[in-house]
Amino acid sequence: MHLAPYIVLLYLLAAVLFIVGLHQLSSPKHARSGNLVAALGALIAVGTTIALLHHSTLDLVLLVVAIAIGAPVGAVAARAVKMTAMPQMVASFNGVGGGAAALVAIVEFLRVPANSSPSLVLSISVVFAVVIGAISFAGSVIAYTKLQELMRGTPITYPGQQPVNGAVAAAIVVLGVLVVVGTLSSLGLWLLLLLALVLGVAFVLPIGGADMPVVISLLNAFTGLAVAGDGFVVGNPVLIVGGTLVGASGTFLTKMMSDAMGRSLGNLLFGAFGKIQVSEAAGPGGAKSVRSGSAEDIGTLLAYSQRVIIVPGYGLAVAQAQHVARELADALEKRGVTVDYAIHPVAGRMPGHMNVLLAEANVPYEQLKEMDEINDAFKTADVALVVGANDVVNPAARNSPGSPIYGMPILNADEAHNIVFMKRSMRPGFAGIDNELLYDPKTIMLFGDAKDSLTKLVAAVKAA
Amino acid sequence: MNAQLVNEISIFVLAVFLGFEVISKVPTILHTPLMSGSNAIHGVILVGAMVIMSEATGPLQIVVAFVAVILATVNMVGGYVVTDRMLEMFKSRNPRGGARS
């Protein structure tokens with residue numbers, strides 16, 4: 001499509017706003033305005049496009065209706081979602097974006113008249129956008145289902161999984177080539193869409209729920225690339241810039257996330273294949289015993305400590321206990337106890353998720369300590385208070401090479417003089433593995449919902 | 001290879017490098033908002049969906065384009081709103097914080 005110069009300049013402005021926005025998102029001070037700057041860029045891009053197109057009345061009505069359906073759905077979902085369900089929300093927004101990218105490419109391909117053949121560039125970018133967009137869509141659906149716990153979060157494996165997935169991927173490549181060279185027309189493209197959807201599902205099924213944030217980040221980058229592909233399909237520069245920015249930065253972010261978990265991306269994506277889940281059958285408890293204490297005992301222990309480090313985990317978020325955690329910290333500080341929060345990079349369900357949740361509860365920024373900053377302090381801490389976390393303090397990551405989380409950097413909660421574990425039950429954590437720290441003689445368990453337990457502790461500390 | 005394609009490829013290659021460069025200094029605590037924010041940026045696929053909506057002919061193409069516009073709008077609007085909600089939490093803390101406990 002030929003674009004008038006003023007259109008290109010407006011698109012350039014939109015692209016610049018995307019870049020400035022992304023850049024501002026990298027500092028806590030300017031992040032919020034960065035998001036608004038990017039949103040302004042999107043608005044300019046959409047407005048420019050309306051001016052550019054020669055819509056018929058029917059198109060225009062349909063366009064307005066479609067936007068009038070989509071906008072409130074997106075806005076309401078984004079407003080209503082709980083902060084704990086954020087990862088699923090991002091997954092679903094990413095999924096619909098990937099789906100849209102695939103559909104755009106399909107329509108453009110269908111428009112090629114039957115008696116003429118599409119250009120090579122068009123066919124290649126259509127095939128690329130359809131395959132990558134559909135994988136992102138289907139993969140996001142599975143990621144959503146796992147995180148929302150509509151499906152078991154544990155890796156789902158079956159015999160022959162790897163060869164089958166390999167065969168599907170190979171079929172996609174062959175079919176894609178056939179479509180590009182023109183042997184197959186639109187029928188081939190629909191088949192390609194179907195196979196890519198199957199591959200998206202099959203690709204995410206064997207990945208455990210704990211690794212899902214990294215997968216979402218990867219699929220986010222995929223959608224970006226599919227959008228960039230569409231930019232070539234419809235000949236639109238703002239799609240190319242926007243999509244490619246996300247594709248590149250998303251790939252980089254994915255790598256940073258898997259690094260934070262101490263795993264290579266390959267191991268994370270394909271690790272479940274052919275691996276026998278030994279620890280699952282073993283089961284917790286048995287001969288090993290745990291020590292549990294009352295809220296009063298633990299409250300007294302906390303009240304007469306010098307230094308307490310709180311290790312918040314996903315359980316805290318689920319119980320919406322971040323505000324009570326803050327109350328406990330305040331009550332302790334009033335007695336002169338030093339309180340810090342040790343934030344594991346992947347605490348919660350996404351990197352940085354826990355910071356968002358604690359910021360919501362107005363926890364002072366200075367009390368949030370990152371792992372490297374706090375890990376040496378555990379040795380001098382009287383109590384490590386583990387609230388709804390499990391895998392991020394599991395010494396198996398250091399000591400047992402056979403463990404699925406071996407090599408992941410962990411918080412050294414086991415070095416504290418006392419460890420208080422607040423858990424709902426002895427159920428293993430999200431990674432599905434037993435935690436030997438629960439059986440440590442220094443450990444006291446406090447069973448129950450994190451919010452109830454914390455409320456009792458606040459009362460106990462105040463009474464002590 | 002025509003001039004437009006050459007332009008597009010140049011834009012693409014430059015954007016790849018820009019994408020890597022622009023986020024290389026992000027602190028861990030902003031990873032989640034960043035993922036969400038970049039997720040919103042690829043909502044620009046709405047532009048592509050609008051283009052095909054105007055070009056679509058016949059019921060099949062129109063229906064597919066219609067669905068594409070809805071999905072893209074959800075991505076774009078939802079993406080920015082949810083990111084804003086996350087970042088709202090990072091705003092400078094007012095006296096309000098102390099009054100609660």
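# Salt bridges and the A–B interface

A:Arg111 counts as partly exposed, at a relative accessibility of 32%, where partly exposed lies between buried (under 20% relative accessible area) and exposed (over 50%), taken with a 1.4 Å probe and protein chains only. The model is predicted, so local features need pLDDT of at least 70 and side-chain atom pairs count only at pLDDT 80 or more, while totals for chains, interfaces and linings use all residues. Residues are numbered from 1 along each chain as its sequence is written, chains are lettered from A and ligands numbered from 1 in the order in which they are written, and side-chain values use heavy atoms, with hydrogens and water left out.

## Salt bridges

A salt bridge is here a side-chain nitrogen of Lys or Arg within 4 Å of a carboxyl oxygen of Asp or Glu, and by this rule there are eight over all chains. The table gives some of these pairs.

| Pair | Closest N to O distance |
|---|---|
| A:Glu108 and A:Arg111 | 3.1 Å |
| A:Asp340 and A:Lys369 | 3.0 Å |
| B:Asp84 and A:Arg32 | 2.9 Å |
| A:Arg32 and B:Glu88 | 4.0 Å |

A:Glu108, the partner of A:Arg111, is buried, with a relative accessible area of 10%. A:Asp340 pairs with A:Lys369, and this bridge links distant parts of the chain, 29 residues apart, from strand E2 (residues 338-343) to strand E3 (residues 368-370) of chain A; both residues are buried. Helices (H or I, at least four residues) and strands (E, at least two) are DSSP runs, numbered from the N terminus.

A:Arg32 pairs with B:Glu88, and because A:Arg32 lies in helix H2 (residues 31-52) of chain A and B:Glu88 in helix H4 of chain B, the pair joins two chains. A:Arg32 is partly exposed at 29% relative accessibility, as is B:Glu88 at 25%. Together with B:Asp84, these two residues are linked in a network of salt bridges.

## Chain B and its interface

Chain B has 101 residues, of which 59% count as buried, and its secondary structure consists of five helices and zero strands. Helix H4 of chain B, residues 58-88, reaches 45 Å from its first C-alpha to its last, close to the 45 Å expected at 1.5 Å a residue, the expected span being 1.5 Å times one less than the number of residues. Since 23 of the 31 residues of H4(B) are buried, this helix is largely enclosed by the rest of the structure.

Contact, meaning heavy atoms within 4.5 Å, is made by 78 residues of chain B with 104 residues of chain A. The two chains bury about 8500 Å² between them, 76% of it on carbon and sulfur atoms; buried area is the accessible area (1.4 Å probe) that two parts lose on being put together, summed over both. In chain B, the most area is lost to chain A by B:Met35, B:Met50 and B:Arg85, together 8% of what that side buries.

Across this interface the rule finds three salt bridges. Helices H1 (3-22), H2 (31-41), H3 (45-55), H4 and H5 (96-99) of chain B each supply at least two residues of the side that touches chain A, and the largest share, 28 residues, comes from H4(B). That side of chain B divides into 48 nonpolar, 21 polar and nine charged residues, where Ala, Val, Leu, Ile, Met, Phe, Trp, Tyr, Cys and Pro count as nonpolar, Asp, Glu, Lys and Arg as charged, and the others, Gly among them, as polar.
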